[in-house]
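Q: Please walk me through this model and explain the labels as we go. I would like each value set against its definition.

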Amino acid sequence: MAANFPFPNSPGFRRTESVEHCIEKWQQQIAKAAESNSPLSIRGGGSKDFYGRETVGDTLDSTAYSGIVSYEPSELVVTARAGTPLAALQDTLAEHNQALAFEPPHFGPATVGGCVAAGLSGPRRMRAGPLRDFVLGTQLLDGNGRLLNFGGQVMKNVAGYDISRLLAGSLGTLGIITEVSLKVLPAPEYEQTQLLTADLNEARALMRSWSGKPLPVSATLWSAGELHVRLSGANSAVQLAAKGIGGETLEQASAQTLWRKLREQELPFFTTGDQPLWRLALPACTTPAKDAAINENERLLEWNGGQCWLRSTLAAEKVRAFASNAGGHATLFRGGERSGDIFTPLAGALLTVHQRLKNEFDPKGIFNPGRMYPTL
Amino acid sequence: MAFTNDSHFEPCSGDLISGLQALLPEDSLVIGEEPVRPYECDGLTVYRETPLAVVIPENEAQVIAVLQLCHELGVPVVPRGAGTGLSGGALPHSQGVLLSMTKMKSIVRLDPKAQLAVVQPGVRNLAISEAAQPHGLYYAPDPSSQIACTIGGNVAENSGGVHCLKYGLTVHNVERVRVVLMDGDVVELGSEAPDSPGLDLLALFIGSEGLLGVVTEVTVRLIPTPESARLIMASFDSTTDAADAVAAIISAGIIPAGLEMMDQATSAAVEPFVNAGYDLDAAAILLAESDGSSEEVDAEIAKMEAVLQQCGARSMKVSTSEQQRLLFWAGRKAAFPAIGRISPDYYCMDGTIPRHRLGEMLSAIRSMETKYDLRCANVFHAGDGNLHPLIMFDANVEGEVERAEQFGAEILELSVAFGGSITGEHGVGAEKINQMCIQYNADELERFHSIKKAFDPQGLLNPGKAIPTLHRCAEYGAMIVHGGELPFPELPRF
């Protein structure tokens, strides 16, 4: 039953002779970059080029290093090379009725390596947990060009520090992720989406009341007076929960489109206008103090309010102050000034630890320097 | 058995004890050979060592002051929770201070609306769920020591439990930790908001075995108590059939709340203890639990029953009451003490393997029983591939301790060979430090050391544990030559 894929000739996978030589080639590229102190910009499909601070340096392209290394559905784990197209990986999982439960956004021709390095999770995160929860193992090329393996393909592994999860969301600042093992889960048996009318406060109250109960809510979306709730699980449990939650039931096709468009930021909220898009991560189910400057219409809420998207031309310090007063943090997700701070700045001992880690993994500072913070 | 800690420090130049006395109330400092004796070991009692002093701080300010003093004097510090750990992670350092966190045991805040609890590190795992219970909430990770073990220790070990296939380990259920670094600086990792700016140091910190910092506060996520839970107890004529049934359940798209296996030796040991009605003729017993709404549970139980039937279960019982469900669990949860009752000593291993290698692993263990002339019972967190072989021995019989140790080491090495890990949830600590040399190569170990250096450049926190020095691996490698090839051939031998 154990399947070992030198992966099928499915069209999604570019499998060329270069796969075998990729690592070697990259090691040479790292050595050269280290010697000449010239940075490398690690790139998969380029779907998240917009994310983070501006990149500098020669491109190190991961797309040639593609293919699923192993996939055993009954073990709930898939191992894939960094350049594997995310869509192709998800298609393979879907054939076995499995999925990446964190529902990652693609934003274009995403790769598995880029997906993990960006660390972004989609609508289902509020139920399933973030991407990093599903990272079981990684293979990494560090700043010395050494190929290292951390974690593995088993669910539980507490031998050594959890470097695999550290790499999730590290934006390529610690090294080149060459291979990843991800935990996969069965696809939901049944899903249904309810639509309710609610202003922001009513929506918050509703989401709070659901979250305290064992209901199969797998995603929430509030925008412009409409609250969408996705339920996932056994048909009977979903029906029962839908009855309790009320509202109108969306047709399956339009529900699927809605959640995909939300995940991929294709809803009009994201596509109209040219104001910068901010991502505010806030404690879920809480109501941030009123701030007249933050307009209700400029907000779109997910994850029971844990993720708040904001289209606003407000000054960065005002947005950050609003988020931090609410106990969260703000990221300039798309647009705006990309040479300044994109992520909430670090300070003190926390910054020191970050810098030391960067220095240990990448002593010459060649991997995506400045992509996350000016000094990393 | 003995553990040689290969971290050595210059004898402390200043006066450590008087320094501590100046910082702490009298009952927060334990000194003297006899008074420190109760702290000489944790749950792994075969390793013992006495520290120079035991410090039991009452608050974070005292933790900071003690760490600053030790940092200044170059004195190693070993943090300790309830001391229930099974890998010697809290084994004291003979030249150092043992920092017991058990006095910091208040629940700072329990917020049912946000479904979070903010607790001090000395709060017991079960106490969190007890406090959350009136709100219909609980804290999911439930290590078998949950009555006694502390959340600080759980963070250090990334503890699991019998429900972690569905609900995850500590790393999946902790939102934030407040940490004092060895130099006394305080950092907060994670937050009540999703994700955090910067690198995911929270994930890195959880499971770091007290080598990176001392936890002074933890924010855990609470989840709604499932409306209903039922358990299937199925018996099988062969362990292979039982293992195949586990794979079949998961292939059918089911993630049970718990999925546990016991072999015949274990059920024979526990049945007289708990009278749960285990099938003593069965080669293996599977316990499969479903939780959720009553509708979900009924549907899932029916689905699992069908799969188990198809996989050749010789008999099945489904719990019909909460009392019966707990009774079926009782034997599994009492496995360790039950083995302790039939054998003077036992040694509990903690390897993880890909589930489909289980049959091979169990037959390998059977041959090892002959090879080492010792009995071994097996309990298995089957859902997540975490095997706990319980090697039975008598420490009073010449040579049995050493044979048990070799037996265990061979199981761990085989776990790695099968693509698994030497430890699924107990941690490396002192116990499995040599086997780390098998799971990781020199470059990887060096990377681990560099992480330690980023948090604790002087290497004073829990030194000599969890990550072996390359020198140690070279010496260990000299004892276990694989296929005529020495590991770490590039290193000098002494």
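A: Happy to. Helices (H or I, at least four residues) and strands (E, at least two) are DSSP runs, numbered from the N terminus. This is a predicted model, in which local features need pLDDT of at least 70 and side-chain atom pairs count only at pLDDT 80 or more, while totals for chains, interfaces and linings use all residues. Residues are numbered from 1 along each chain as its sequence is written, and chains are lettered from A and ligands numbered from 1 in the order in which they are written.

Q: What makes B:Asp195 count as buried?

A: A residue is buried if 20 or more other C-beta atoms, placed from the backbone, lie within 10 Å of its own (exposed: 12 or fewer; partly exposed: in between). B:Asp195 has 24 C-beta neighbours inside 10 Å, so it is buried. Its place is the loop between strand E9 (186-190) and helix H8 (201-205) of chain B. Its phi is positive, near 60°, although the residue is not a glycine.

Q: How do you know whether A:Glu103 is buried or exposed?

A: Count again: 22 other C-beta atoms lie within 10 Å of A:Glu103, and therefore it is buried. A:Glu103 sits in the loop between strand E5 (98-99) and helix H3 (112-118) of chain A. This non-glycine residue also has a positive phi, of about 50°.

Q: Why are strand E3 and strand E4 of chain A said to pair?

A: Two strands pair if DSSP finds at least two bridges between them. Strand E3 (residues 68-72) and strand E4 (residues 77-81) of chain A share four bridges in the antiparallel sense, so the criterion is met. In this pairing A:Tyr71 stands opposite A:Val78. Four residues separate E3(A) and E4(A) in a hairpin, and A:Leu76 in the turn has a positive phi of about 60°.

Q: Why are strand E13 and strand E17 of chain A called edge strands?

A: The open sheet has eight strands in the order E13-E10-E12-E11-E15-E16-E14-E17 (chain A), with antiparallel pairing. Strand E13 (248-249) and strand E17 (329-334) of chain A each pair on one side only. Within the sheet, strand E15 (residues 299-302) and strand E16 (residues 307-311) of chain A are joined by four bridges, and A:Arg299 has A:Leu310 as its bridge partner in E16(A).

Q: What is the pLDDT over residues 480-494 of chain B?

A: pLDDT is the predictor's confidence in each residue, from 0 to 100. Chain B has a mean of 93, with 96% of its residues at 70 or more. Over residues 480-494 of chain B, however, the pLDDT is below 50. Where pLDDT is low, the predicted coordinates should not be read in detail.

Methods
Two residues are in contact if their C-beta atoms, placed from the backbone, lie within 7 Å.
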